[in-house]
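Reader: I would like to go through this model with you and ask, for each term you apply, what lies behind it.

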Amino acid sequence: MKIIKISEMQDGMIVVRPCVSSSDIELIPSGTEIVKRFHHEVLARWGIDTLEVEDCIDYEKEFLKLSDEQQKKIQLKLQLLYVNANENNPIMSLLKSKTHNVLVKQALSDSRGSSK
Amino acid sequence: MKHLDKVIYIQNKLKEVDKLDLPTLPSTYYQIEELITKNKATVNNLSEIIQSDPSLTAKILMLVNSASFGLRQEIKTLSRAINIIGFNELSNLVLATAVIKMFPPYEGAHFSLQKFWEHSIAVGTAAKIIAKNLNRKFMINAQEAFTAGLIHDIGKLVMKEFYPTQFGKALIHCKTYKSTLADAENSLFGYNHQHIGHALAREWKLPAIYHSAIGFHHHPQEVSPKHPHFAMIAVVHLANILAKANLLGSGGDPFIPNIESITLESLQLSHNDFEHMIIELEAQATETESLLNHS
């Protein structure tokens with residue numbers, strides 16, 4: 001059984017879970033040393049022997065790599081989706097940041113699709 | 001008109017629709033519910049009822065073996081599956097699969113039932129995640145939360161099937177005025193899909209906890225936090241917003257509504273809890289889509 005690190009990160013947190021098909025997950029702070037230490041901890045708890053790490057996506061960096069047109073499109077879409085939202089609510093801000101990441105991910109996937 | 005008055009008014013209207021073939025839940029569901037309610041359920045008699053429906057049997061085995069149950073061994077028999085998931089969970093699964101079967105996913109011109117079910121399953125999944133993260137004192141059953149999330153928008157399906165012109169108007173209205181579908185329906189008709197869903201849940205004689213979750217998922221503030229089902233209403237309210245923010249499927253309008261603060265306060269959920277749940281939802285969203293396959 002392997003550990004999969006999911007690429008999604010929130011405020012420096014990463015997600016790991018014991019196998020692709022399991023819904024059992026753990027949240028740990030990111031950073032190679034911490035991941036290594038965590039590896040030993042989960043070894044005991046989950047009885048696993050392999051740590052498989054996927055590349056992490058830094059959505060802010062990826063957003064800046066998109067064309068001006070794509071960036072504008074994402075910002076407009078985000079504005080529209082949250083047109084009635086209370087921006088002062090920290091959880092609404094958290095959700096907005098999540099939606100932003102999903103939109104960037106979709107734009108990246110669209111770009112890859114059109115370049116094929 | 002008060003909420004319940006509107007629901008009763010709509011329920012009477014639905015009785016007229018009945019002549020136009022209002023969908024009914026399969027007898028399997030009621031037979032199972034009756035046995036459980038009367039404490040007469042056994043693995044054997046429940047297996048017998050379910051086995052009379054081969055597609056339901058296959059579905060339950062598939063769900064039990066899906067990642068959401070996290071079992072290490074493959075479950076091959078129905079009796080073993082029932083032993084593992086428990087009687088109440090079985091009843092919830094039968095209800096969930098029956099409702100999806102009634103309104104199978106397809107791509108429509110103005111409203112996609114495929115995206116509708118993707119959204120509904122995401123809300124169910126989010127509700128299950130929230131329920132698992134809650135303090136035990138709230139006594140929220142995770143599988144019940146999943147079903148409540150899955151069927152929370154059932155009123156929209158009644159609108160779409162039996163009042164398509166009005167439903168079309170509401171869809172256009174919410175896009176034009178950038179409002180949620182519930183607000184658009186309120187402006188146009190004075191009631192919304194929560195009232196219709198609540199009426200249908202009563203008509204189907206679903207457990208009362210589902211009436212509340214369906215009836216107040218957009219407006220939990222209309223219910224006292226002391227209401228016995230308030231926690232479930234709050235869970236579905238938050239789950240709906242969580243699924244929308246993750247852009248999982250579509251319930252007809254894209255707008256992400258505000259969280260009613262009373263729900264966070266009552267469930268004692270923090271910013272950190274939410275961060276955790278957002279990530280967990282992403283990890284599980286694709287896994288529960290097996291519900292849509294082979295429906």
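Reader: What is the sign of phi at Lys205(B), which follows H12(B)?

Author: The phi of Lys205(B), the residue that comes after H12(B), is positive, near 55°. Helices here are DSSP runs of H or I with at least four residues, strands are runs of E with at least two, and both are numbered from the N terminus. This is a predicted model, in which local features need pLDDT of at least 70 and side-chain atom pairs count only at pLDDT 80 or more, while totals for chains, interfaces and linings use all residues. Residues are numbered from 1 along each chain as its sequence is written, chains are lettered from A and ligands numbered from 1 in the order in which they are written, and side-chain values use heavy atoms, with hydrogens and water left out.

Reader: What makes helix H12 of chain B largely enclosed by the rest of the structure?

Author: Buried means under 20% relative accessible area, exposed means over 50%, and partly exposed lies in between, with a 1.4 Å probe and protein chains only. Nine of the 11 residues of H12 (residues 193–203) of chain B are buried, so the helix is largely enclosed; among the buried residues are His193(B), His195(B) and Leu200(B). Their cover includes helix H1 (3–17), helix H9 (154–162), helix H11 (181–189) and helix H13 (208–216) of chain B, where contact means heavy atoms within 4.5 Å.

Reader: Which atoms come within 2.8 Å at the start of H12(B)?

Author: A side-chain oxygen of Asn192(B) and the backbone nitrogen of Gln194(B) lie within 2.8 Å there.

Reader: Why is Thr99(A) called buried, and what does Thr99(A) touch?

Author: Thr99(A), found in helix H4 (residues 90–115) of chain A, has a relative accessible area of 0%, and is therefore buried. Leaving aside residues up to four places away in sequence, Thr99(A) touches Leu78(A), Leu81(A) and Tyr82(A), together with Ala245(B), Leu247(B) and Ile256(B).

Reader: Why does Met62(B) count as partly exposed?

Author: Met62(B), placed in helix H4 (residues 54–64) of chain B, has 28% relative accessibility, and so counts as partly exposed.

Reader: How do you know that the radius of gyration of chain B agrees with that of a compact globule?

Author: The radius is taken over C-alpha atoms, and the globule rule is 2.2 Å times the number of residues to the power 0.38. For 295 residues a compact globule would have a radius near 19 Å, and chain B has 18 Å, which agrees. Chain B contains 16 helices and zero strands, and 58% of its 295 residues count as buried.

Definitions and conventions
Polar contact = N/O pair within 3.5 Å; in protein donor to acceptor, adjacent residues only side chain to side chain.
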